Structures are given as C-alpha cells and as structure tokens.
Amino acid sequence: MELWGDGATKAWSIGFTFHDQEVPVVATDTIRLVSTGMWTPSRVLTNADLERMVDTTSDWIVERTGIHERRIADDDIGVVDMGCNAAHEALAEAGLDPSGVDAIIVSTATPDRLLPATACDIQARLGANQAVAFDLWGACSGWLYALNVARGLILSGQIENALCVATEKMSAITDWTDRATCVLFGDAAGAAVVQRSDREGRGILASYMRSDGSLAELLHRPPSSAQPIPIDIAEIAHRNGFIRMAGREVFKNAVRSMCEAVDAVLEQAGISKDDVDLLVPHQANIRIIEATAKYANIGMDRVWVNVDRYGNTSSATIPVGLHEARQVGRIRDGSLVLMVTFGAGLTWAGALLRW
Ligand SMILES: CC(C)(COP(=O)(O)OP(=O)(O)OC[C@H]1O[C@@H](n2cnc3c(N)ncnc32)[C@H](O)[C@@H]1OP(=O)(O)O)[C@@H](O)C(=O)NCCC(=O)NCCS
C-alpha cells in the first residue's frame with residue numbers, strides 16, 4: 001500500500017493505492033475525536049464529610065452549587081498518574097500504539113512539578129517516543145484550548161494526530177479550611193485522541209477561544225516566580241499555593257462568557273441552537289450550567305451534568321463529560337455536541353462537534 005497526497009499545495013487530496021487502484025480518502029478541513037478516556041479516584045468526599053471539616057451544611061452546598069460529592073486522589077497519586085490512566089483508555093479505543101502519537105498536549109493547573117512539562121512526564125510514562133509534548137495553561141478552558149491547538153497543528157500538516165489530556169488534582173491546591181472554595185473542587189483526568197476527519201461534516205465544526213487577563217485577580221493561585229523564595233514561615237503560609245476566588249464575580253463572568261461562547265460557535269458553524277443534541281458545559285456550579293442552558297434555549301434534558309458527582313475538576317470536566325456521555329449512548333454517531341467552558345485567566349472557550 002502506498003500513500004499519495006498533495007500536502008505542498010495544501011489541497012489535501014490524499015488517498016492511497018491498493019492493488020494498483022487509487023482509493024481516494026475524503027480529506028476534510030477539520031479534525032475529529034477518534035476516542036476518549038477518563039479516570040477518577042475511587043475515594044469519595046461527600047458533603048457530609050465536609051460538614052465535619054468546615055462550617056457548612058450539605059443543604060447549602062447542594063442549593064448553591066448542585067454538588068453532592070467529589071473524588072479525591074490519594075497523596076501518592078499525581079497528575080501524571082491520572083493523565084496516563086485516562087490516556088491509556090483513549091489510546092486503546094483508538095487502537096493507537098503510544099509510539100504512533102505525534103503530539104501530547106496537556107492541560108493542568110496542578111502539575112506534579114513545574115519543570116519539565118507534565119506532558120513530557122506523561123510522554124515518558126506512555127513510551128510515546130516520537131511525540132512532541134507540551135503543556136498548555138488555560139485553567140478550566142485548557143482542554144478546549146488544547147483541542148484547538150491540535151486542530152491547528154493537524155490542519156497545517158505538521159502532525160497527523162494528537163493526544164489531548166486534561167489532568168487535575170484540584171485537591172492539592174484547595175485550602176481545606178476555606179469553606180468558600182473547598183466545597184467546590186475535585187480530582188479527575190480526561191483524554192482524547194484526535195486526527196483529521198475523514199468524513200465531510202464530521203468533527204469539530206467551529207471553535208472559539210477568548211481570554212481577559214485584566215480579571216485575573218478574581219481567581220488565582222499564588223505564589224509567583226516574580227517574588228523571591230520566602231524564607232519566613234509566616235510568608236510561606238501567606239503564599240501557600242491555594243486557590244483564591246471572588247466567587248460571586250466569577251459566577252457572573254462565567255455565565256456571560258459561556259453564553260458568548262455558545263453564540264460564537266453556533267454562528268461560526270451556521271447552526272441553530274435547536275439542532276444541538278447535547279450541551280457538555282464546564283461543570284463548576286449547577287446554577288451556572290442552568291443559566292447557560294437557558295440562554296442557549298437547550299432544555300436540561302439535553303445537558304450533560306456530572307457536577308453533582310465530581311464537583312469542579314477544572315479542565316478535566318469536558319473530556320470526562322464527553323466520555324461518560326458516549327458510554328451511556330448520549331453521544332452517538334452523528335450527534336451534534338456543543339461544549340463551552342470558562343476559567344481562571346479569565347479564559348473561556350467553545351467548540352461544536354459533530355461526532
Ligand atoms: C462560590 C459560590 C458557590 C458561592 O455562592 P454565592 O451564592 O455567590 O454565595 P456568597 O459568596 O455570596 O456567600 C453567601 C454567604 O454564604 C457563606 N458561605 C460561603 N461558603 C459557604 C459554605 N460552604 N457553607 C455555608 N456558607 C457559606 C458566605 O460566607 C456568605 O455569608 P454572608 O452572607 O454571611 O457573608 C458561587 O459564587 C459560585 O459558584 N461562584 C463561581 C465559582 C466558580 O465557578 N469557580 C470556578 C471557576 S472555573
């Protein structure tokens with residue numbers, strides 16, 4: 001079998017010769033998700049557990065956030081372990097040997113270490129020795145950013161496939177004495193293998209990415225490498241590396257930016273809100289999800305919700321949601337899936353996918 005094509009002119013008239021017959025392959029101008037994978041820790045932290053840790057009630061948490069429980073990774077489990085678990089599942093479904101992966105793009109806000117990139121540690125663990133591996137800091141929007149970067153690399157002809165991983169150990173950067181934030185977060189990892197779509201109209205139909213760094217203080221995590229290393233215990237405590245958040249302001253911006261992302265991708269694709277089969281939004285708070293769904297005129301029966309079971313797992317929420325929805329048949333061949341997200345930065349993004 002001999003591959004032929006016209007990459008130089010970017011005509012993408014690729015195909016192959018089989019028994020002396022030229023067999024064209026439809027080479028589209030987008031990418032598709034070939035497979036998905038996910039991993040969550042087995043340890044469950046319930047609202048009742050949190051009632052014993054901080055001054056809160058399960059009723060308050062459920063009413064304000066919709067969260068009932070979240071998963072917490074053991075101390076000896078890091079984001080590399082978590083990301084590899086999700087990646088193994090995605091690679092197995094794709095039937096792709098790690099040595100055939102061209103790029104590993106990892107989104108994490110909670111790296112096991114700051115150097116090297118988490119993606120490089122995942123690459124080594126997987127044995128993906130032919131890949132370029134790098135991290136992408138987009139907070140909760142990171143996985144949709146990664147998908148879009150992979151799309152650019154694939155469509156520009158630089159790579160043929162990519163493994164997009166989101167792996168987040170939010171429990172490691174959560175202040176477990178701060179009731180305003182500790183009820184919100186959990187740990188999870190998700191992954192997908194992507195490649196150029198071979199079916200017209202299938203794959204990522206539209207993408208949208210935005211950021212507003214002027215709102216960074218609303219949701220951030222010290223310390224900063226611009227500050228000298230603290231030598232004083234009090235200062236170390238001050239720069240403890242935990243999440244700090246202005247919840248109400250983040251809430252307002254979340255709804256505004258996710259609604260903007262809904263409009264942007266649907267307009268780009270020329271597709272009506274009515275045609276969306278499933279909305280897979282970032283899972284931070286059920287009220288934010290409901291407000292976004294209402295704006296998009298999508299009934300909650302067409303919205304994937306797992307914030308009740310996992311809390312906010314940052315950039316892992318969307319790949320985990322996609323994987324779960326596929327497993328129970330809510331995403332099938334031809335399903336139109338709208339994904340929207342927002343996070344620290346502030347960042348926000350959207351993508352429209354025809355599976
Ligand atoms: C955090 C969040 C749930 C708080 O809900 P809220 O309705 O905005 O509540 P407020 O922050 O206004 O606080 C209301 C009261 O509840 C209290 N409170 C905060 N956390 C509490 C808790 N876990 N249990 C009980 N009371 C709590 C506050 O101290 C405040 O008390 P006060 O009125 O006496 O000052 C909500 O703002 C939110 O979800 N924001 C977005 C967060 C987010 O998505 N972050 C991730 C972005 S990717």
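**Chat: an open sheet and a ligand shell**

Mentor: Start with the open sheet: four strands in the order β11-β16-β15-β14, with mixed pairing. Strands here are DSSP E runs of at least two residues and helices are H or I runs of at least four, numbered from the N terminus; two strands pair if DSSP finds at least two bridges between them.

Trainee: Which strands stand at the edges?

Mentor: β11 (203-211) and β14 (278-281); each has a single partner strand, so one side of each lacks a neighbour in the sheet.

Trainee: Is this a predicted model, and what cut-offs apply?

Mentor: The model is predicted: local features need pLDDT of at least 70, side-chain atom pairs count only at pLDDT 80 or more, and totals for chains, interfaces and linings use all residues. Residues are numbered from 1 along each chain as its sequence is written.

Trainee: Back to the sheet. How many bridges join β15 to β16?

Mentor: Eight, between residues 336-343 and 347-354, and the two strands run antiparallel. Phe342 stands opposite Trp348 in β16.

Trainee: What does α8 touch on the sheet?

Mentor: α8 packs on β11, β14, β15 and β16. Touching means contact, with C-beta atoms, placed from the backbone, within 7 Å.

Trainee: New topic: how many residues surround the ligand?

Mentor: 20, and the closest are Thr56, Arg179, Gly247, Phe251 and Ala284. Near means a C-beta atom, placed from the backbone, within 6 Å of the molecule or strand.

Trainee: Which element gives the largest share of that shell?

Mentor: α8, with five residues.

Key: Two residues are in contact if their C-beta atoms, placed from the backbone, lie within 7 Å. Axes are lines fitted to C-alpha atoms, for helices over the stretch in contact, and angles run from 0 to 180 degrees between N-to-C directions.
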